[in-house]
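Hi,

Here is the structure I promised to pass on. Have a look at it first, and my notes follow underneath.

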Amino acid sequence: SAQAAAAAANTLAELQTALESYEGCGLKRTATNTVFADGTPAGGIWFIGEAPGRDEDRIGKPFVGRAGQLLDKMLLSIGLDRNVNAYITNVQNWRPPDNRDPSPEEAAQCLPFLRRHIELADPGLIVLLGAVAARHVVGISDGIMKMRGRWLEYRVGTRMVPLMPTLHPAYLLRQPAHKKLAWRDLQAIAARIETIGLPRVPGRAN
(Lines give C-alpha, C1' and ligand atoms only; values in the text may rest on other atoms or scores of the structure.)
Protein backbone atom coordinates (compact mmCIF):
# COMPACT_ATOMS: atom_id res chain seq x y z
CA SER A 1 0.00 0.00 0.00
CA ALA A 2 2.91 2.36 0.71
CA GLN A 3 4.40 1.66 -2.71
CA ALA A 4 1.09 2.31 -4.46
CA ALA A 5 0.43 5.51 -2.51
CA ALA A 6 3.92 6.84 -3.14
CA ALA A 7 3.93 5.94 -6.83
CA ALA A 8 0.63 7.76 -7.38
CA ALA A 9 2.10 11.07 -6.18
CA ASN A 10 3.35 13.34 -8.96
CA THR A 11 4.42 16.34 -6.85
CA LEU A 12 5.99 16.81 -3.43
CA ALA A 13 2.70 18.24 -2.16
CA GLU A 14 0.82 15.14 -3.32
CA LEU A 15 3.47 12.92 -1.74
CA GLN A 16 3.17 14.73 1.59
CA THR A 17 -0.61 14.33 1.50
CA ALA A 18 -0.24 10.62 0.70
CA LEU A 19 2.19 10.15 3.57
CA GLU A 20 -0.04 11.98 6.03
CA SER A 21 -2.94 9.74 4.98
CA TYR A 22 -0.93 6.51 5.25
CA GLU A 23 -1.97 4.27 8.16
CA GLY A 24 0.43 1.37 7.62
CA CYS A 25 3.04 2.37 10.19
CA GLY A 26 2.30 1.86 13.88
CA LEU A 27 4.56 4.75 14.87
CA LYS A 28 2.00 7.17 13.47
CA ARG A 29 -0.42 6.26 16.26
CA THR A 30 1.98 7.44 18.97
CA ALA A 31 3.34 10.49 17.11
CA THR A 32 2.04 14.03 17.31
CA ASN A 33 2.91 15.06 13.76
CA THR A 34 4.03 13.59 10.46
CA VAL A 35 7.48 15.06 9.80
CA PHE A 36 7.86 15.33 6.03
CA ALA A 37 10.75 17.67 5.20
CA ASP A 38 12.13 21.18 5.49
CA GLY A 39 14.22 23.38 3.28
CA THR A 40 14.59 24.11 -0.40
CA PRO A 41 14.31 21.04 -2.67
CA ALA A 42 15.29 23.04 -5.75
CA GLY A 43 18.73 23.63 -4.23
CA GLY A 44 19.68 20.07 -5.07
CA ILE A 45 21.59 19.29 -1.85
CA TRP A 46 19.82 16.75 0.34
CA PHE A 47 20.43 15.67 3.95
CA ILE A 48 18.67 12.53 5.17
CA GLY A 49 18.57 11.69 8.87
CA GLU A 50 17.10 8.83 10.86
CA ALA A 51 13.79 9.78 12.51
CA PRO A 52 12.13 12.72 14.27
CA GLY A 53 12.88 13.40 17.92
CA ARG A 54 10.75 15.10 20.56
CA ASP A 55 11.13 18.65 19.21
CA GLU A 56 10.63 17.55 15.61
CA ASP A 57 7.49 15.60 16.56
CA ARG A 58 6.09 18.63 18.38
CA ILE A 59 6.84 21.16 15.62
CA GLY A 60 6.41 18.92 12.59
CA LYS A 61 9.75 19.70 10.92
CA PRO A 62 13.02 17.74 10.85
CA PHE A 63 16.13 18.80 12.76
CA VAL A 64 14.76 21.66 14.86
CA GLY A 65 16.18 20.64 18.26
CA ARG A 66 19.78 20.78 19.52
CA ALA A 67 20.99 18.43 16.80
CA GLY A 68 19.20 20.54 14.21
CA GLN A 69 20.84 23.70 15.49
CA LEU A 70 24.23 22.03 15.12
CA LEU A 71 23.30 20.82 11.65
CA ASP A 72 22.40 24.37 10.62
CA LYS A 73 25.85 25.54 11.80
CA MET A 74 27.48 22.71 9.87
CA LEU A 75 25.60 23.68 6.72
CA LEU A 76 26.47 27.36 7.06
CA SER A 77 30.15 26.48 7.43
CA ILE A 78 30.15 25.29 3.80
CA GLY A 79 27.73 27.84 2.38
CA LEU A 80 24.47 25.95 2.76
CA ASP A 81 21.20 27.08 4.30
CA ARG A 82 17.91 25.19 4.47
CA ASN A 83 16.12 28.43 3.53
CA VAL A 84 18.15 28.81 0.34
CA ASN A 85 19.79 25.69 -1.05
CA ALA A 86 19.55 22.68 1.32
CA TYR A 87 16.75 20.17 1.90
CA ILE A 88 16.33 17.96 4.97
CA THR A 89 14.25 14.87 5.62
CA ASN A 90 14.41 11.53 7.45
CA VAL A 91 14.16 7.82 6.70
CA GLN A 92 11.25 7.53 9.15
CA ASN A 93 8.58 10.23 9.25
CA TRP A 94 7.14 9.54 12.72
CA ARG A 95 8.93 9.70 16.05
CA PRO A 96 9.75 6.31 17.60
CA PRO A 97 8.92 6.22 21.34
CA ASP A 98 11.76 7.38 23.61
CA ASN A 99 13.76 8.46 20.51
CA ARG A 100 14.88 4.89 19.85
CA ASP A 101 16.11 3.91 16.40
CA PRO A 102 13.32 2.85 14.03
CA SER A 103 13.17 -0.91 13.61
CA PRO A 104 13.96 -2.36 10.17
CA GLU A 105 10.23 -2.98 9.67
CA GLU A 106 9.31 0.59 10.65
CA ALA A 107 11.94 2.04 8.33
CA ALA A 108 10.83 -0.22 5.48
CA GLN A 109 7.25 1.07 5.82
CA CYS A 110 8.41 4.61 4.97
CA LEU A 111 11.06 3.77 2.38
CA PRO A 112 8.67 3.82 -0.63
CA PHE A 113 7.79 7.40 0.30
CA LEU A 114 11.45 8.36 0.70
CA ARG A 115 12.42 6.82 -2.65
CA ARG A 116 9.57 8.64 -4.40
CA HIS A 117 10.54 11.81 -2.51
CA ILE A 118 14.03 11.59 -3.99
CA GLU A 119 12.69 10.85 -7.48
CA LEU A 120 10.38 13.86 -7.45
CA ALA A 121 12.95 16.32 -6.07
CA ASP A 122 15.79 14.98 -8.25
CA PRO A 123 18.68 16.08 -5.97
CA GLY A 124 22.17 16.78 -7.19
CA LEU A 125 23.90 15.45 -4.07
CA ILE A 126 22.80 13.42 -1.03
CA VAL A 127 24.32 13.33 2.47
CA LEU A 128 23.24 10.57 4.85
CA LEU A 129 23.34 11.55 8.51
CA GLY A 130 24.18 8.55 10.66
CA ALA A 131 24.32 4.79 10.38
CA VAL A 132 20.54 4.24 10.36
CA ALA A 133 20.09 6.44 7.28
CA ALA A 134 23.02 4.77 5.53
CA ARG A 135 21.72 1.30 6.34
CA HIS A 136 18.26 1.89 4.94
CA VAL A 137 19.01 4.18 2.00
CA VAL A 138 21.99 2.32 0.51
CA GLY A 139 21.79 -1.02 2.34
CA ILE A 140 25.22 -0.88 3.96
CA SER A 141 25.40 -2.17 7.53
CA ASP A 142 29.02 -1.24 8.25
CA GLY A 143 29.56 1.06 11.23
CA ILE A 144 29.32 4.76 10.48
CA MET A 145 33.00 5.26 11.31
CA LYS A 146 33.86 2.90 8.47
CA MET A 147 31.33 4.41 6.05
CA ARG A 148 31.72 8.14 6.75
CA GLY A 149 33.56 10.23 4.23
CA ARG A 150 33.21 7.68 1.41
CA TRP A 151 31.59 8.73 -1.84
CA LEU A 152 28.91 6.35 -3.08
CA GLU A 153 26.20 6.71 -5.72
CA TYR A 154 22.40 6.59 -5.68
CA ARG A 155 20.39 6.06 -8.86
CA VAL A 156 17.70 8.65 -9.57
CA GLY A 157 16.04 7.80 -12.86
CA THR A 158 18.85 7.54 -15.38
CA ARG A 159 21.32 9.55 -13.26
CA MET A 160 23.76 8.44 -10.60
CA VAL A 161 23.76 10.99 -7.79
CA PRO A 162 26.85 11.36 -5.55
CA LEU A 163 26.11 10.32 -1.97
CA MET A 164 28.15 10.46 1.23
CA PRO A 165 27.40 9.09 4.72
CA THR A 166 28.65 11.21 7.60
CA LEU A 167 28.20 11.50 11.36
CA HIS A 168 24.80 12.44 12.76
CA PRO A 169 24.71 15.80 14.58
CA ALA A 170 23.17 14.13 17.65
CA TYR A 171 26.19 11.84 17.80
CA LEU A 172 28.51 14.84 17.55
CA LEU A 173 26.76 16.42 20.54
CA ARG A 174 27.64 13.28 22.53
CA GLN A 175 31.13 12.92 21.05
CA PRO A 176 32.38 16.46 20.30
CA ALA A 177 35.93 15.23 19.68
CA HIS A 178 34.65 13.68 16.45
CA LYS A 179 33.54 17.03 15.03
CA LYS A 180 36.92 17.15 13.29
CA LEU A 181 35.91 14.06 11.30
CA ALA A 182 32.62 15.65 10.34
CA TRP A 183 34.48 18.79 9.25
CA ARG A 184 36.62 16.71 6.90
CA ASP A 185 33.46 15.26 5.40
CA LEU A 186 31.93 18.72 5.05
CA GLN A 187 35.01 19.97 3.23
CA ALA A 188 34.77 17.04 0.80
CA ILE A 189 31.06 17.79 0.30
CA ALA A 190 31.82 21.46 -0.37
CA ALA A 191 34.45 20.48 -2.94
CA ARG A 192 32.01 18.16 -4.73
CA ILE A 193 29.35 20.88 -4.73
CA GLU A 194 31.81 23.16 -6.50
CA THR A 195 32.71 20.43 -8.98
CA ILE A 196 29.14 19.72 -10.05
CA GLY A 197 28.10 23.37 -9.97
CA LEU A 198 25.39 23.32 -7.31
CA PRO A 199 24.53 26.66 -5.65
CA ARG A 200 26.00 27.82 -2.36
CA VAL A 201 25.34 30.93 -0.28
CA PRO A 202 27.75 33.75 -1.23
CA GLY A 203 30.00 34.77 1.62
CA ARG A 204 28.91 31.98 3.96
CA ALA A 205 31.59 29.35 3.25
CA ASN A 206 34.77 29.19 5.33
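**Notes on the model**

Right after helix 6 comes G139, with a positive phi near 75°. Helices (H or I, at least four residues) and strands (E, at least two) are DSSP runs, numbered from the N terminus. Before going on, the small print: this is a predicted model, local features need pLDDT of at least 70, side-chain atom pairs count only at pLDDT 80 or more, and totals for chains, interfaces and linings use all residues. Residues are numbered from 1 along each chain as its sequence is written, and side-chain values use heavy atoms, with hydrogens and water left out.

Back to helix 6, residues 131-138: V132, A133, A134, H136 and V137 are buried there (buried means under 20% relative accessible area, exposed over 50%, partly exposed in between, with a 1.4 Å probe and protein chains only). Their cover includes helix 5, helix 7 (144-147), strand 2 (45-49), strand 4 (125-129), strand 5 (152-156) and strand 6 (159-166); contact here means heavy atoms within 4.5 Å.

**The core**

The largest nonpolar core has 61 residues, and F47, I48 and I126 touch the most other members. Such a core is a set of buried Ala, Val, Leu, Ile, Met, Phe, Trp, Tyr and Cys residues joined through side-chain atoms within 4.5 Å. Helix 5 (residues 104-121) gives the most to this core, namely 7 residues. Leaving out residues up to four places away in sequence, I126 touches W46, I48, I118, Y154, V161, P162, L163 and M164.

**Two helix pairs**

Helix 2 (residues 12-21) and helix 5 have axes that come within 10 Å and cross at roughly 170°. That makes the two helices roughly antiparallel. On the helix 2 side the contact uses L12, L15, A18 and L19, and on the helix 5 side F113, R116, H117, L120 and A121. By class, that contact has 7 nonpolar, 1 polar and 1 charged residues.

For the angles, axes are lines fitted to C-alpha atoms, for helices over the stretch in contact, and angles run from 0 to 180 degrees between N-to-C directions. Under 35 degrees counts as roughly parallel, over 145 as roughly antiparallel, 65 to 115 as roughly perpendicular and the rest as oblique.

Now for helix 4 (residues 66-77) and helix 9 (residues 179-196): they pack at an angle of about 45°, with their axes 10 Å apart. The pair is therefore oblique. L70, M74 and S77 from helix 4 meet K179, A182, W183 and L186 from helix 9.

**A few single residues**

Is D185 in helix 9 buried or exposed? D185 counts as buried, because its relative accessibility is 2%. Not counting residues up to four places away in sequence, D185 touches R148, G149, M164, P165, T166 and L167.

R192 is also placed in helix 9, and at 26% relative accessibility R192 counts as partly exposed. With the same sequence neighbours left out, R192 touches L125, W151 and P162. The C-alpha atoms of R192 and G143 are separated by 24 Å, with their positions 49 residues apart along the chain.

Finally, G24 sits in the loop between helix 2 and strand 1 (38-39). G24 is partly exposed, with a relative accessible area of 36%. From C-alpha to C-alpha, G24 and A2 are 7.4 Å apart in space, and they are 22 residues apart in sequence.

Cheers

How values were computed: Nonpolar A, V, L, I, M, F, W, Y, C, P; charged D, E, K, R; others polar.
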